[in-house]
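Here is a friendly briefing to read alongside the model. Please keep the viewer open as you go through the points.

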Amino acid sequence: DAADALLAPGGPIDVAKLAQYWGVAHDEDDKSKEAKEEAKEMAAQRKALRLALFAKAEALMPFRSAGGALALPSAEEAEAAAEGEATPSPFALAVGAMKAWVTKPEDLEEDERDALALALAHHEIAMGRAGAALKLLRERQKKDEGGKKAKFVASETVALVKALGWDHWVRNADEVKARKFPVVKVPL
């Protein structure tokens, strides 16, 4: 609801004005006080809009507990989603709106990048593109610097390769997860 309120006509952010501002190159020689203030305001609005759209997509993401079974769409469901014949879910619509403003992980703070990778991976799975989802998750694992959801990204990778039936990859993904997140037992 909060993201929808930001995008509503008459809301705190004029999305059309924001898109127009960021859609053109700006004269770097214009260092007037007004230009600096406008640039600062537009940057703050863009950051707020990106965060709101990301939060909406994350909130609508199909949730699974770590280690739970991942259900891949059937071949018919994947084909219908890829061709645009299926009715898009609220999650798919939220991801589509988010992708208009969040084009790369660097558009968000480091703390949100793991959750962004999870949301985009779940969207790829829903669209029947498990390979693209796996690529997103593996790339995020390589770049990860111990984010809040880093262990969950590793668990999702294991669940995805398990759902694909790639047993040798499951063992490899489990080993990577155990190496990055060792189980620590409290000494007695």
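What follows covers the fold, the core, a pocket and a few single residues.

This is a predicted model, so local features need pLDDT of at least 70 and side-chain atom pairs count only at pLDDT 80 or more, while totals for chains, interfaces and linings use all residues. Residues are numbered from 1 along each chain as its sequence is written, and side-chain values use heavy atoms, with hydrogens and water left out.

**Overall fold**

- The protein has nine helices and zero strands, where helices (H or I, at least four residues) and strands (E, at least two) are DSSP runs numbered from the N terminus.
- Of its 188 residues, 34% count as buried; buried means under 20% relative accessible area, exposed over 50%, and partly exposed in between (1.4 Å probe, protein chains only).
- About 11800 Å² of the protein surface is accessible, and 56% of that belongs to carbon and sulfur atoms; the areas come from the Shrake-Rupley method with a 1.4 Å probe, and for residues only the protein chains shown count as cover.
- Among contacts between residues at least 6 apart in sequence, 69% join residues at least 24 apart, a contact being heavy atoms within 4.5 Å.

**Nonpolar core**

- In soluble globular proteins, nonpolar side chains tend to be buried together.
- Here the largest nonpolar core has 36 residues, and those with the most contacts inside it are Met98, Leu116 and Leu160.
- Helix H6 (110-126) is among the elements that give two or more residues to this core, as are helix H3 (33-60) and helix H8 (150-164).
- H6 gives the most to this core, with seven residues.
- A nonpolar core is defined as a set of buried Ala, Val, Leu, Ile, Met, Phe, Trp, Tyr and Cys residues joined through side-chain atoms within 4.5 Å.

**Second largest pocket**

- The second largest pocket holds about 290 Å³ of space, the volume being the space filled by probe spheres set on grid points, which are joined across faces, edges and corners.
- On a 1 Å grid over the protein atoms alone, a pocket is an open set of points where a 1.4 Å probe fits, with protein on both sides within 12 Å along at least five of seven lines; lining residues have an atom within 4 Å of a point.
- Of the 15 lining residues, the closest to the pocket centre are Lys104, Pro105, Leu116, Leu120 and Leu136.
- H6 supplies the largest share of this lining, six residues.
- The lining divides into six nonpolar, two polar and seven charged residues; Ala, Val, Leu, Ile, Met, Phe, Trp, Tyr, Cys and Pro count as nonpolar, Asp, Glu, Lys and Arg as charged, and the others, Gly among them, as polar.

**Single residues**

- Leucine 108 sits in the loop between H5 and H6 and counts as buried because its relative accessible area is 6%.
- Arg50, Phe54, Val102, Arg113 and Leu116 are touched by leucine 108, not counting residues up to four places away in sequence.
- Arginine 113, in helix H6, is buried at 17% relative accessibility.
- With the same sequence neighbours left out (up to four places away), arginine 113 touches Pro105, Glu106, Leu108 and Arg140.
- Alanine 132 belongs to helix H7 and is partly exposed, at 31% relative accessibility.
- Alanine 150 is in helix H8 and is buried, with a relative accessible area of 3%.
- The C-alpha atoms of alanine 150 and phenylalanine 181 are 9.2 Å apart, with their positions 31 residues apart along the chain.
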